[in-house]
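User: Please look at the protein shown here and help me read some of its strands and its cysteine chemistry.

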Amino acid sequence: MTGSSRIASSLAALSCVGLGIGCGAAQDRKADGKIPEQRLEAFDAAHFGRSIPIDNAWMPLQPGTRFVYEGTTIEDDGTAVPHRVVVHVTDLTKVIGGVRTAVTWDLDYSDGELVEAELAFFAQDSNGTVWRMGEYPEEYENGKFAAARPWIHGFEAARAGIMMPGEPQVGTPSYAQGWGPAVDWTDRGQVDQMGQTTCVPVACYEDVLVIAETSQSEPDARQLKYYARGVGNVRVGWRGAGEKTKETLELVRVEQLDATALAEVRARALDLERSAYQRSASVYAHTPPAERAPGAVGRD
């Protein structure tokens, strides 16, 4: 997977997927009655009357929630390396493409070393579909900055994409999870299974939804993400002969931060944004600053 598809993935822009998976307008069907697959998703800011909070049953993003995942990835020499991902849902918002988005601050560790920190931006449309509006990832090597390859809707031909359909159904076409050609972000998702059961350290879950993700650069690799209703992503797996990293992750802890911890998360996320303004002159520097969610009180 490209970019930060360790925990989330993408493609987006010109046409609806329908069945509650797109932008709300009716979509033509083929002669056989099937909905055609679209290369990019139609994005219309007018269809985001209440873009936050994000309360999609399969991908709720409640401010102050922290998800911790642990697992392994496989190196080129076949060595299994410990992998840990921590996702923080901040109480920050950022306007992108005319839509107010929720901001997550994500940390990715390989063998105990921080290798990536990221700001990611999500919004929910009037159909309950969750869109990924872009991301700013910083990569590190030996504790030092190595690279930043952001994609943000509206810049360098990047387009928002779907992260979670409003009404996921098996048998529906794959959908773009974002489109960032400048950084080779070409991920797609498709509802693969529903009604599954899976157990992770946090709990055992029934009625689990599985989304299969792929990309143009790795068409024979599939990352499988398992979603529990009311919780979100609880497991990451894989299949396919082209899958190289064979990444696996399980949700080992989910918690609601207190005011002090949330304030620290907010401060760290804003530190990363300040870095983004300096390091991404052609993209991030042209976006409005992140700010506290409207109406947020009592969290300082």
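The turns below take up strand pairing and then the disulfide.

Analyst: This is a predicted model, in which local features need pLDDT of at least 70 and side-chain atom pairs count only at pLDDT 80 or more, while totals for chains, interfaces and linings use all residues. Residues are numbered from 1 along each chain as its sequence is written, and side-chain values use heavy atoms, with hydrogens and water left out.

User: How many residues of strand S13 are buried?

Analyst: Strands are DSSP runs (E, at least two residues) numbered from the N terminus, and buried means under 20% relative accessible area, exposed over 50% and partly exposed in between, with a 1.4 Å probe and protein chains only. Strand S13 spans residues 232-239 and is mostly covered, the buried count among its eight residues being six.

User: Which residue of S13 stands opposite Lys225?

Analyst: Two strands pair if DSSP finds at least two bridges between them, and S12 (residues 218-228) pairs with S13 in the antiparallel sense over seven bridges. These two strands form a hairpin with three residues between them, where Gly230 in the turn has a positive phi of about 80 degrees. Opposite Lys225, in S13, stands Val236.

User: Why is the disulfide of Cys199 and Cys204 right-handed?

Analyst: A disulfide is counted when a pair of cysteine sulfur atoms lies within 2.5 Å, and the one joining Cys199 to Cys204 has an S to S distance of 1.9 Å. Cys199 counts as partly exposed because its relative accessibility is 39%, whereas Cys204 is exposed, at 55%. The disulfide is right-handed because the torsion about its S-S bond is about 110 degrees.

Conventions. Helix = DSSP H or I, 4+ residues; strand = E, 2+ residues; numbered from the N terminus.
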